[in-house]
Amino acid sequence: MVESLEVLLENSLCRQSRQLCRQVAIMVIKFVAKSSISEQLYERKDPLKLIIMSATIRVEDFTDNPRLFKDPPLLIQLNSRQYRVQVHFDLHTPEDYVEASYNKVCKIHNRLPAGAILVFLTGEKEVQRLCKLLREAFPFKNKATKCVEEEEVPSDSAVPAKVGRKKKKSAAEQSDSFCSLPPDINLDDYSVEPLNTEELQHQQSDNENDDSNEIIAKKVFENASPLYVLPLYSILPFKEQEKVFKPPPEGSRLCVVATNVAETSITIPGLKYVVDSGKVKSKVYNNTGGGISKFEIVWCSKASANQRAGRCGRTEGGHCYRLYSSAVFENEFPDFLLPEIQRIPVDDVLLQMKALGIDRVVEFPFPSPPDKESLKAAEKRLVILGALQNLEKEQGYKDPEKREYSAKVTALGKAMSRFPLSPRYAKMLLLAYKNKCVPYIAAIVCALTVPDLFLASSTTTENEEGEEVVKVTKEGIKRIGTGNSVQLGDVMVLLRAVALYENAKNRVKFCIRNGIRHKAMVEIHKMSIQLLKEMNRAFPDAAVIEDMKLSPPDDEMVDTIRKIVTSCFIDQIARKVPHDEAKGEKALKNAYRCLECDELVFIHPSSTQFERLPDYVTYNELSHTSKFYMKGVVEVDVEWLPAFAPDLCNLNAPREDPPPLYDSSKDKMFCYMDGTFGPLDWELPLVHLEMPKGIHRYTWFAYFFLDGQICPAIKNYRKDLLALPSVILKSWARLQPRTRYFLQAVVERDVDSRESLKEVWKKDPKFLLREFWEWLPSSKYFEVELNWPPKM
């Protein structure tokens, strides 16, 4: 959507005078940012008109934001045709809303006239639990219909024993009538008059006494007709989702049990009753870092509750039964849910805006401004990824107030912003292009982006001591496995799953056999092809074949992929608690510590690394239940950390034993160093890496120059030197004029390689001549001057 808006702005601005936006949140922010800095807008005679449409938007964020709009924008409210909806509240708010939903549906089906029922719950497991209960309570007489219905329940769905289950009735026990109505129901109460959705009637439910939360007696269902129960949630296959729009079998009533995906933009034919639990499952992120997320079940907003009630007023009048009291609704429900930009990490938004030239994003007139700490954490992560400048090293930003929020985008960050992905994944694609492994990384990126690839890979229970126990219940992950590439861990499982799927003759059967969501694999396939096309547009020389038929990667390629993953998740590194520290401490067994989380973390039991327990790992996500679990785990070689994240390392001076070396073929200096990594000061072993920037780099360059390794012609004068080249490495070297002058010249012109020396000599051919004279007897001055600069 964002890309289409930008294309319209850039290519059709002369012809397009207004743009329609249906999605608000981050997309409008990106579009407004794009529009606000486009000079074309100010050159036009007629201004661009931006029309924003939403059913649940917080209007005040736009109308009362003078920084965003100098003149308050025109507000138009369009009230669509809506039949009368009666809203009923419970006298008491039940603790178990699934059980309360079950009771309410049973009452509606047994006592109220014909009409479909829509129930709102929070997640797939709750939806499947209620579906199974209702199917057992109101079974079909026809075995064929029953079998079709049972096929819709996934094999991994589970129904806790907490809620009482109803035994299926025999065909003789069921009534032929569609619905048995008690004599006290007045059909005239169900109005079909149009009603504004914002003027819903708030009434107390009829007959809601103390027994409303009890399991209904079996005798109530003796004369009940069958209930055609269908689930509806986001990861349900499309064909299964379509069933809710088709008529139910003859003689039955349709009951749809859904998550909040059914709140908006959906009209179920014949829907007359809505049962609203008032709950929503929300994914909460720790915006300050660590990749920590957890699911919380909270009250939905008043706007969402009204949207839910409006589902039953689309084709005829209806009733909405809210399983909570009016006091809870008025006092505990927020008017609106927190905007997405305030709930999730804003790394991609920040990078996009920096790439557009907005350096001080914190001062941008957001409709719903993100938290400043969230912006600061996002900027820190982007600096580590190399997408933004590290202002702590810049000369003009010593003042912390000027430095904060002011980092500018780098060339790498500009390239990353081209892709509509998380900055981490965008960098993975760029590194894949450099290392010629784009198809593999494209498959991995898409597989990491699409959630819930494997069906219910684990289940969580509690032992006698109250501790959480997670058991792997599906063997899909283990069936796919990692092959010989065990160090690539969970990422290799995803890569193998995509490769095997693409090469399978019958892809649907492959998914069923391995416990994989076919809908997810189709999405991964489409996204992968799209990314390959985008890579070809961005880098025509890449010549990537737009096909996902992947051959097994060899050991060298696996190592390359592992390095790419590590470099892009370098701030999400975890180290296993050392054996000496964990000895005798049960809580520390198999535990890890990570950079951004003070709590102990553990590898998720569904991970292929769960039994291996490598010393160092990187993870894609940190999920918080009763423990912190790492998912998407890949083993990391500790020697890579200084190379991929020098800003997170506190390295000691280069070791003189073994001494640094100059590689003339690469024009680079390499050395052995040790030190610590991260804020927890994890000790690093002695590692061999390119010499980092600093005085030691200039000093060793001076040594290699005097030793004749930079310019071979200098070797001719080595026997004439007044001191050994190694003198320049001594701690007291600066006390001598010859060493002090030479180092000062190299540092001032930032010369630390053969190429940088060549560039300086192009501008100043006499550079280092006088400094080199200090190392020679005067009899050699004329000869050296004639041959200066020396040949390389």
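**Contacts, salt bridges and nonpolar cores in the predicted model**

Leaving aside residues up to four places away in sequence, D707 touches K715, R718 and P725. The model in which these contacts are found is a predicted one. D707 is placed in the loop between α24 and α25, and with a relative accessibility of 7% it counts as buried, because buried means under 20% relative accessible area. One of the residues touched by D707, namely R718, is also its partner in a salt bridge, in which the side chains meet at 2.8 Å, N to O. The pair links distant parts of the chain, for although both D707 and R718 belong to the loop between α24 (695-706) and α25 (737-748), they are eleven residues apart. In contrast to the buried D707, R718 has a relative accessible area of 44% and is partly exposed. A further group of charged residues, made up of E690, K693, R697, D750 and D752, is joined into one network by salt bridges that share partners.

In total, the count of salt bridges comes to 31. Among them is the pair formed by R308 and D276, whose closest N and O atoms are 2.7 Å apart. R308 lies in helix α9 (residues 302-309), whereas D276 lies in strand β8 (residues 271-276), so the pair ties together parts that are 32 residues apart in sequence. Both R308 and D276 are buried. Another salt bridge joins the side chains of R360 and E363, at 3.3 Å from N to O. Here R360 is partly exposed, its relative accessible area being 29%, and E363, at 47% relative accessibility, likewise counts as partly exposed.

Attention now turns to the nonpolar residues. In soluble globular proteins, nonpolar side chains tend to be buried together. The largest nonpolar core of the model holds 78 residues, of which F419, M428, I441 and I561 touch the most other members. Two or more residues are given to this core by each of α11 (347-355), α12 (372-385), α15 (423-435), α16 (438-449), α18 (489-503), α19 (507-513), α20 (518-538) and α21 (555-568). The largest share, ten residues, comes from α16. Because residues are contributed both by domain 1 (1-78 + 340-394 + 401-416) and by domain 3 (418-569), this core lies between the two domains. The surroundings of I441 can be given in detail: residues up to four places away in sequence not being counted, I441 touches M428, L429, A432, I561 and I564. A second core, separate from the one just described, consists of 41 residues and includes Y698, L743, L768 and V784.

Nonpolar residues are also found at the surface, where L74, I76 and L78 make a patch of about 420 Å². Within this patch, L78 is located in the loop between α4 (60-63) and β3 (85-89). The relative accessibility of L78 is 76%, and L78 therefore counts as exposed, the cut-off for that class being over 50%.

Technical notes
Residues numbered from 1 in each chain as written. Predicted model: local features only at pLDDT ≥ 70, side-chain atom pairs only at ≥ 80, totals over all residues. Heavy atoms only, no water. Patch = residues over 30% accessible without salt bridge, like charges linked within 9 Å, V, L, I, M, F, W, Y side chains within 5 Å. Areas by Shrake-Rupley, 256 points an atom, 1.4 Å probe, with all protein chains shown as cover. Salt bridge = Lys/Arg side-chain N within 4 Å of Asp/Glu carboxyl O. Helix = DSSP H or I, 4+ residues; strand = E, 2+ residues; numbered from the N terminus. Buried < 20%, exposed > 50% of the residue type's maximum accessible area, 1.4 Å probe, protein only. Core = buried A, V, L, I, M, F, W, Y, C linked by side-chain atoms within 4.5 Å. Domains from an automatic or database assignment. Contact = heavy atoms within 4.5 Å.
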